[in-house]
Amino acid sequence: MPHGSEKPLVLIAGGSSAAGIATASALLGAGMRVLTVGSDADRIRAAADAAGPAVVPLVCDLADPVDVARLAEVVHRDFGPLDGLIQLVGGWRGGKGIAGQSDEDWDVLHRNVLTTLRNTSRAFYADLDDSAAGRLVIVSSTSVTAPTAGNANYAAAKAAAEAWTQAVGQGFASGTGRGAAVVLVVKALVDDGMRAASPERSFPGFTGVAHLADTIVGLFTQPADAVNGARIDLS
Ligand SMILES: NC(=O)c1ccc[n+]([C@@H]2O[C@H](COP(=O)([O-])OP(=O)(O)OC[C@H]3O[C@@H](n4cnc5c(N)ncnc54)[C@H](OP(=O)(O)O)[C@@H]3O)[C@@H](O)[C@H]2O)c1
């Protein structure tokens, strides 16, 4: 077992979306203890309810390092050390050409995509490195390897998040060697609600949230050295 005899404990950072609900549900189904975190109490409670009765909703502004330190205290006190951190906070902003990449959009993307990841991965790094199967997972974008002028802010923020995640993986490899940091790559996500709203669309290249969730669950059963540093394209 990852930490003592308890079931693995996994925290979803930014769990209010369809991807967060699908991931929480899949992790729960795989026998894990699941905490799901959002900035809005009503939205994260609704997401936890939709994912399953044992999923625990927690409220935190993951962009605020003081709030994340408080979250880590609560998690350690009430649940114990983490075995998995699934980082889902994202958001998309585009603009017209390079000159149209606004500072406001950059601030939002930098905060949501990179700052939240830095905050959570530092707060829970020791837990993950100490676990028998510690996993950090982020969801990145195909735009990192095919950036356009219109999404330069977004692609740059995602590229930075990928670099940070690879650095965490290097830390794991030079630490206990039991942790793994993984980048999953999608072009776009699709869920049942989106398919029902547009039955005529085929969503080419989109990744279903259930497939994303199953892939995340599978990362916990593979050896760390087989997945640490991997960049897995699900598009
Ligand atoms: N959706 C796509 O098509 C797509 C495409 C490429 C990559 N991705 C990536 O896939 C991942 C999941 O995508 P998604 O669309 O499900 O993510 P998302 O909706 O952008 O983010 C997930 C959740 O994070 C929460 N959140 C935002 N800021 C927060 C903060 N400061 N503190 C705590 N929670 C916060 C939001 O809920 P609250 O506002 O209720 O807190 C939101 O529902 C993201 O990393 C995204 O960039 C998605």
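In which kind of crossing, left-handed or right-handed, does H1 pass H8? The model shown above is a predicted one, and in it H1 passes H8 in a right-handed crossing. That pair of helices is a convenient place to begin, and the path then leads through other helix contacts to the empty spaces of the structure.

Two packed helices are described by the angle between their axes and the distance between the axes. For H1, which covers residues 18-29, and H8, which covers residues 209-219, the angle is about 45 degrees and the axes lie 8 Å apart. Because an angle of that size is neither under 35 degrees nor within 65 to 115, H1 is oblique to H8. On the H1 side the contact is made by Ala-18, Ala-19, Ala-22, Thr-23, Ala-26 and Leu-27, and these meet Val-209, Ala-210, Leu-212, Ala-213, Asp-214, Ile-216 and Val-217 of H8. Sorted by class, this contact of H1 with H8 holds 11 nonpolar residues, 1 polar residue and 1 charged residue.

H1 also packs against H2, the helix of residues 41-51, at an angle of about 40 degrees and with the axes 8 Å apart. That makes H1 oblique to H2, and the crossing of these two helices is right-handed. Here the residues contributed by H1 are Ile-21, Ala-24, Ser-25 and Leu-28, which meet Ala-47, Ala-50 and Ala-51 in H2. The contact of H1 with H2 comprises 6 nonpolar residues and 1 polar residue, with no charged residues.

A further helix pair is formed by H4, residues 103-123, and H6, residues 152-174. Their axes come within 9 Å and cross at roughly 10 degrees; since angles under 35 degrees count as roughly parallel, H4 is roughly parallel to H6. From H4 the contact draws on residues including Trp-106, Leu-109, Val-113, Leu-117 and Arg-118, while among those supplied by H6 are Tyr-154, Ala-157, Lys-158, Ala-161 and Trp-164. When the residues of the contact of H4 with H6 are divided by class, 12 are nonpolar, 3 are polar and 4 are charged.

From the helices we can turn to the spaces between atoms. Rolling a probe the size of a water molecule over the atoms shows where empty space is left. A search of the whole structure finds 1 cavity of 30 Å³ or more, and the largest cavity holds about 60 Å³ of space. Its lining consists of Gln-87, Leu-88, Val-89, Val-113, Leu-117, Ile-138, Val-139, Lys-158 and Ala-161, and the elements that give two or more residues to this lining are H4, S5 and H6. Val-113 and Leu-117 of H4, together with Lys-158 and Ala-161 of H6, thus appear in the cavity lining as well as in the contact of H4 with H6. By class, the residues lining the largest cavity divide into 7 nonpolar, 1 polar and 1 charged.

The pockets come next. The largest pocket has a volume of about 430 Å³ and is lined by 23 residues, of which Leu-88, Gly-90, Gly-91, Tyr-154 and Leu-189 lie nearest its centre. At least two lining residues come from each of H1, strand S5 (135-141), H6, strand S7 (189-190) and H8, and the largest share, 3 residues, is that of S5. The lining of the largest pocket contains 14 nonpolar, 6 polar and 3 charged residues.

Gly-90, one of the residues nearest the centre of the largest pocket, is found in the loop between strand S4 (84-87) and H4. Once its neighbours within four places in sequence are left aside, Gly-90 is in contact with Asn-112 and Val-113. Gly-90 and Ala-41 stand 49 residues apart in sequence, and 18 Å separate them in space, C-alpha to C-alpha.

The second largest pocket contains about 250 Å³ of space. It is lined by 18 residues, and those nearest its centre are Gly-14, Gly-38, Ser-39, Leu-62 and Val-89; Val-89 is also one of the residues lining the largest cavity. Strand S2 (33-38) and H4 each supply at least two residues of the lining of the second largest pocket, with the largest share, 3 residues, coming from H4. In this lining, 6 residues are nonpolar, 8 are polar and 4 are charged.

Technical notes: Residues numbered from 1 in each chain as written. Predicted model: local features only at pLDDT ≥ 70, side-chain atom pairs only at ≥ 80, totals over all residues. Heavy atoms only, no water. Axes fitted to C-alpha atoms, helices over the stretch in contact; angles between N-to-C directions. Helix = DSSP H or I, 4+ residues; strand = E, 2+ residues; numbered from the N terminus. Parallel < 35°, antiparallel > 145°, perpendicular 65-115°, else oblique. Left-handed = near helix turned anticlockwise from the far one by under 90°. Contact = heavy atoms within 4.5 Å. Nonpolar A, V, L, I, M, F, W, Y, C, P; charged D, E, K, R; others polar. 1 Å grid on protein atoms, 1.4 Å probe; cavity = no way out; pocket = protein on both sides within 12 Å on 5 of 7 lines; lining within 4 Å. Points joined across faces, edges and corners; volume = space filled by probe spheres on them.
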